[in-house]
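User: Hi! Could you walk me through this structure? I have some informal questions as we go.

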Amino acid sequence: MTTQGEPAGGPSTAPASTQPSSQRSGESSADRPGDPSHTAPDAPDRDTSADTTGSPDPDGGDPAEPDLRAALVGLRSAVRDTGFPLVLPSTDEAVRTGRTLVAQLDDYLLPRLARLDAPLLVVVGGSTGAGKSTLVNSLVQARVSAAGVLRPTTRAPVLVCNPADSAWFRRGELLPGLTRTNEPGTDPNTLQLVAAPALTPGLAFLDAPDIDSVVAANRALANQLLAAADLWLFVTTAARYADAVPWGLLRTARDRGTVIALVLDRVPPEATDEVTQHLTEMLAEHDLAAAPLFVLPETIVDGQGLLPERATANLRAWFGRLAADGRARAAIVRQTLDGALAAVRPAIDLLAAAADEQAQAARSLDERVAGAYRNARHTVEQGVQDGRLLRGEVLARWQEFVGTGEMFRTLEARIGRMRDRVVAAITGRPAPGRQLQAAIESQLVTLLHGVAADAAETAYTGWQAHPAGAALLEPALARPAPDFTTRAERLVRDWQRGVLDLVRVEGGDRRFVARTAAYAVNATGLAVTIAVFASTAFIPTGLEVATGAGTTVAAQVVLQAIFGDQAVRTLAAKAREDLLKRVAELLDEEAARYRARTAAVGVGSEPGERLRTAAEDVEWARRRARLTDGAPLNLPGDTR
């Protein structure tokens, strides 16, 4: 049976597990952090003793392990630089984990590593109404923290220390985000400092808000303060010791290697044995059997709101012995610090996996867009090659252009003798060549707009089906850009001018181009355009059979007469290649509207790798620092 106020066990002693790091380039196997047998023979032995007063010189101190501090600074930078902008199932947890890790680095790891000899910080946490403030007041024998029946009572945290230790806590290196104040308040962004001469130097108590407060800000602050504890004094009651929320935090503290002690408060005398036994069993089930457990009986406070001295005598004596033993305090600090450092790797693994998911999601979104517009380019390529553009208006205008003789009047006489044979294959009314040019432009623009619309809709649908993509969409992306038609028309006109330039270049050493007017070049360019659309398999249907065949013959006969058979094929291939290149650029501009959105969120190509490397650096430096010797932690007054 545990006596009132006596510890039922010792502190949690098992350090958190670590994962070996990968071998660094240029390191020998003896220095490889991934080697479990690595003992860092060149690492200096650490002096685990501490000043028995525990009062650090505010301007002095022996910063521990510069390599470790540098690694932590690098880790902090890597975590801060890694964003999770895409909406994914892992995003919320990753954001919370990242914020928590940065807060712990700023609030505890970096400042504590810089001053291992700073006073031991005991964070007193627990559920609503557990009596935390009353207990703190009783331990320091002064009413330093407000207690009452209204909830929430403790909003602004209160830190109580010996006047000799005030300078360290007032400097703000520990918990730098909280503004120091000497007055009580309700602002959760402040930290009230209270000097208590009755408290032994080297030990400080921090009364935290309720871990299950109805106020979200209070719960968040409680978690932040608990992460900054060297030792967590968890206070619960006989009525609430089995609540789920505290056990979740106890497991977190255990996994982080924090030294834990528990106070079971307000225990009716007749239920002491039963409740204590049940709580002890629960501690064992959660791998916390080594944590000291102090049982305080149900009692009445005095006129100052303090518990009777006999109720807290054993607990006060335990803390008194701890405060007087510099080596014991140093051992607690080092174990908690080492455990917190070892727990960095699992948190980073989670962040790295989530960061990799972000990169993969960004690539997946970009690939869906690329696939949609790749299909659009393929459709245009097929449309250019399969002859579909020679149907309808283009075919009719070509018939008129060739059938009236308008084309041949501008060409050399040696071509004119082919007129009868060509015209015999084509019928229709005369039409100016510019109408043929306009028909080609209209047909191409219609094709381009159709494929761009299909691609935009396909990409939009693909993003809608992806959780990250849906959040990036806006309705305008479901269709081509407002100026698409204008740009498509300009593309076709520029391409047609390019065909004319190609005709001039290819025919530059032939007397035909030199002796004919510019119109002859234009007419030849139109013939080249027709050849581009009819140079491969063309399978006309219905009444188009005769006229379609005549179209191909007309264009190719004219061009062969001017340039020769092989030159015609080369000319058509170059013109087609130029057209498809321009189309690819146009469609790429459309796809860029989507890619700009994934680029704007700023997801790197391999964001998880930087995080893993930074975690390996921390683990390597932690092993070399040897903050603990791996032996069980034995505290003054431990009853084991």
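User: Let's start with Gln141. Is it buried, partly exposed or exposed?
Analyst: Gln141 is partly exposed, with a relative accessible area of 40%. Please keep in mind that this is a predicted model.

User: Where does Gln141 sit?
Analyst: Gln141 lies in the loop between helix 3 (132–140) and strand 2 (158–161).

User: What about the backbone of Gln141, what is its phi?
Analyst: The phi of Gln141 is positive, about 60°, although Gln141 is not a glycine. In general, most residues other than glycine have a negative phi. In this chain the positive phi of Gln141 comes just after helix 3.

User: How many residues of helix 3 are buried?
Analyst: 9 of the 9 residues of helix 3 are buried, so helix 3 is largely enclosed by the rest of the structure.

User: Which residues are those?
Analyst: The buried residues of helix 3 are Lys132, Ser133, Thr134, Leu135, Val136, Asn137, Ser138, Leu139 and Val140.

User: And on the other side of helix 3, where is Gly129?
Analyst: Gly129 is in the loop between strand 1 (120–126) and helix 3. Gly129 counts as buried, at 16% relative accessibility. Gly129 and Val235 are 106 residues apart in sequence, and their C-alpha atoms are 9.7 Å apart in space.

User: Okay, new topic. Which residues have the most contacts inside the largest nonpolar core?
Analyst: Those are Phe205, Leu233 and Phe319, in a core of 110 residues. Helix 2 (residues 91–114) gives the largest share of this core, 8 residues. As a general point, nonpolar side chains tend to be buried together in soluble globular proteins.

User: What does Phe319 touch, leaving aside its neighbours within four places in sequence?
Analyst: With those neighbours left aside, Phe319 is in contact with Val122, Leu139, Leu203, Phe205 and Leu233. You met Leu139 earlier, among the buried residues of helix 3.

User: Which residues are included in the second, separate core?
Analyst: That core has 44 residues, and it includes Leu88, Ala456, Leu472 and Leu502.

User: Let me zoom out. How many helices and strands does the chain have?
Analyst: The chain has 21 helices and 8 strands. Of its 640 residues, 53% count as buried. Among contacts with a separation of 6 or more, 82% are between residues 24 or more positions apart.

User: Now helices 9 and 10. How do their axes cross?
Analyst: The axes of helix 9 (residues 326–342) and helix 10 (residues 344–385) cross at roughly 20° and come within 4 Å. Angles under 35 degrees count as roughly parallel, and helix 9 and helix 10 are therefore roughly parallel to each other.

User: Which residues meet there?
Analyst: Ala340, Leu341 and Ala342 in helix 9 meet Val344, Arg345 and Pro346 in helix 10. By class, that contact of helix 9 with helix 10 has 5 nonpolar, no polar and 1 charged residues.

User: Moving along the chain, what about Ala575, buried or exposed?
Analyst: Ala575 counts as buried, at 2% relative accessibility. Ala575 is found in helix 20 (residues 565–600). Ala575 and Leu500 are 75 residues apart in sequence, with 9.7 Å between their C-alpha atoms.

User: And helix 21, how far does it reach?
Analyst: Helix 21 (residues 607–625) has 19 residues and reaches 28 Å from its first C-alpha to its last, close to the 27 Å expected at 1.5 Å a residue. Helix 21 is mostly covered, with 14 of its 19 residues buried.

User: What comes just after helix 21?
Analyst: Arg626 comes just after helix 21, and its phi is positive, about 45°. Arg626 is a residue other than glycine. At 32% relative accessibility, Arg626 counts as partly exposed.

User: One last thing: where is Ser166, and what does it touch beyond its neighbours within four places in sequence?
Analyst: Ser166 is in helix 4 (residues 166–170). Leaving those neighbours aside, Ser166 is in contact with Cys161 and Ala195. Ser166 counts as buried, at 16% relative accessibility.

Technical notes: Residues are numbered from 1 along each chain as its sequence is written. This is a predicted model: local features need pLDDT of at least 70, side-chain atom pairs count only at pLDDT 80 or more; totals for chains, interfaces and linings use all residues. Side-chain values use heavy atoms; hydrogens and water are left out. Axes are lines fitted to C-alpha atoms, for helices over the stretch in contact, and angles run from 0 to 180 degrees between N-to-C directions. Helices (H or I, at least four residues) and strands (E, at least two) are DSSP runs, numbered from the N terminus. Angles under 35 degrees count as roughly parallel, over 145 as roughly antiparallel, 65 to 115 as roughly perpendicular and the rest as oblique. Contact means heavy atoms within 4.5 Å. Ala, Val, Leu, Ile, Met, Phe, Trp, Tyr, Cys and Pro count as nonpolar, Asp, Glu, Lys and Arg as charged, and the others, Gly among them, as polar. The expected span of a helix is 1.5 Å times one less than its number of residues. Buried means under 20% relative accessible area, exposed over 50%, partly exposed in between (1.4 Å probe, protein chains only). A nonpolar core is a set of buried Ala, Val, Leu, Ile, Met, Phe, Trp, Tyr and Cys residues joined through side-chain atoms within 4.5 Å.
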